[in-house]
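The exercises below concern salt bridges and burial. Work each one with the structure open, then compare your steps with the solution.

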Amino acid sequence: MGRYLMFIQYLGTQYSGIQVQRVSGVVKQDVKTIQGTIERHLKKLLPTWESNLCLSSRTDKKVHAFCNAVHFDFNHESRLKEQSDLDRLKFILNIQFHKAKEDIKILRIQQVNDNFVSRYAAGRNYLYRLAVIPEDCGFQQALSVVERNRISVVRSPFDVGLFLKSAELLAGTHNFSAFTTLKGTQFKNPVKNVVIGVRGGQADEGVCQHLGGEKCHFWDVHVQAKSFLYHQVRHMVSSMVAVARGRLHLDDLRRVLEYPLDRDHMSYSAMPRISPNGLYLERVKYKPADLEYAPNEDDKTVEGMSDANRSPMSASERVQETLPTDGDEDFVTAASGHHDGADNHHQSHSTRGNNSRDNSNVDILKKSMGKVT
């Protein structure tokens, strides 16, 4: 068996999130998702592939990604042994996505060790893009067609000083139980160490031109942590915007961080969850050692054995259940990219394929290459 890490980029506007949706364990075919789209095209090229994509970070409907990561298993490792084979697979997939008008791009595919799990990243970076427009201006009037689904819009008044102070207050290590739509015991660890950076942003050419550039202001909110609660990033930005617009006081925000489970300390009606349009998963980071591939010597000794004689081992048994610890280690960044993170990322289980169809995968890849070259 071979395990492969895939870095992907997408615009989330036309998809109902990245994760496939199931009812009683059955995938809903009428709901278009990024995971479902990639899996469907992969199975066209690799007919013997009977696994699923395992997600690093789950993004919701209309959320974008400069770079997300997934991994998958493929039983016929010899057919995807060389990096050139993986580059060919990436090339053909991107051709298929383009022809099908899918807003998805494969950035890279590489082989990793069998105990690698994409979910256990060392860090994740998110970006939220915000446009502040005059109070008397309509949202659709302010934005160009290019930016309409790629940035979130709020109206003046907007106090930049309070906006920055709220970011400083949220940065650091806190219990963020109040900043998620999941309540109670539905998440394991609500304490997160968060780094926040706010920069003046720049919209695509043509945005707010008719209003005068000085009347529109753009802000990029960069948020970094090892992992996030469900909808945490959007709730954090919502609270920052509520403070900047005078709908929430800094003291209220401070109290909710001190008493995260006491909702009476904060007027949640003042900070509805902000639009997903402006949210991007920027990048996923892994430790270099986690990405180093070394052939498994044990696998070589049982190469001639049938699947029935091999000792079954699930992905959960092959990895440690603890996430990587915080530290000063160097990280490998998986290209640049965007999303609203969650601790409850979906984890799919892999299944073994049928060895009798071993040669069909490379044949299809070669035929596909012949059609596009």
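**Exercise 1.** In this predicted model, determine which residue forms a salt bridge with Asp73 and where the two partners lie.

Solution.
- Step 1. The partner of Asp73 is Arg3, and the closest N and O atoms of the pair are 2.6 Å apart. A salt bridge requires a distance within 4 Å, so this pair qualifies.
- Step 2. Asp73 belongs to strand 5 (residues 64-74) and Arg3 to strand 1 (residues 2-10). The pair links distant parts of the chain, 70 residues apart.
- Step 3. Both Asp73 and Arg3 are buried.

**Exercise 2.** Find the distance between the closest N and O atoms of Arg40 and Glu102, and classify each residue as buried, partly exposed or exposed.

Solution.
- Step 1. The closest N and O atoms of Arg40 and Glu102 are 3.9 Å apart, and the two residues form a salt bridge.
- Step 2. Arg40 is in helix 1 (residues 34-45), while Glu102 is in the loop between helix 2 (83-99) and strand 6 (104-112), so the salt bridge ties together parts 62 residues apart in sequence.
- Step 3. Buried means under 20% relative accessible area and exposed over 50%. Arg40 has 42% relative accessibility and therefore counts as partly exposed. Glu102, at 10%, counts as buried.

**Exercise 3.** Locate the salt bridge between Glu147 and Arg129, and say which network is joined by salt bridges that share partners.

Solution.
- Step 1. The side chains of Glu147 and Arg129 meet at 3.0 Å, N to O.
- Step 2. Glu147 is in the loop between helix 3 (139-142) and strand 8 (152-155), and Arg129 is in strand 7 (residues 123-133); the pair links distant parts of the chain, 18 residues apart.
- Step 3. Glu147 is buried at 2% relative accessibility, and Arg129 is buried at 13%.
- Step 4. Lys32, Arg40 and Glu102 are joined into one network by salt bridges that share partners.
- Step 5. The count of salt bridges comes to seven.

**Exercise 4.** Describe helix 1 by its span, its burial and the contact at its start.

Solution.
- Step 1. Helix 1 has 12 residues and reaches 17 Å from its first C-alpha to its last, close to the expected 16 Å.
- Step 2. Nine of the 12 residues are buried, so helix 1 is largely enclosed by the rest of the structure. Among the buried residues are Ile34, Ile38, Leu42 and Leu45.
- Step 3. At the start of helix 1, a side-chain oxygen of Thr33 comes to within 3.1 Å of the backbone nitrogen of Gly36.

How values were computed:
Residues numbered from 1 in each chain as written. Predicted model: local features only at pLDDT ≥ 70, side-chain atom pairs only at ≥ 80, totals over all residues. Heavy atoms only, no water. Helix = DSSP H or I, 4+ residues; strand = E, 2+ residues; numbered from the N terminus. Buried < 20%, exposed > 50% of the residue type's maximum accessible area, 1.4 Å probe, protein only. Expected span 1.5 Å × (residues − 1). Polar contact = N/O pair within 3.5 Å; in protein donor to acceptor, adjacent residues only side chain to side chain.
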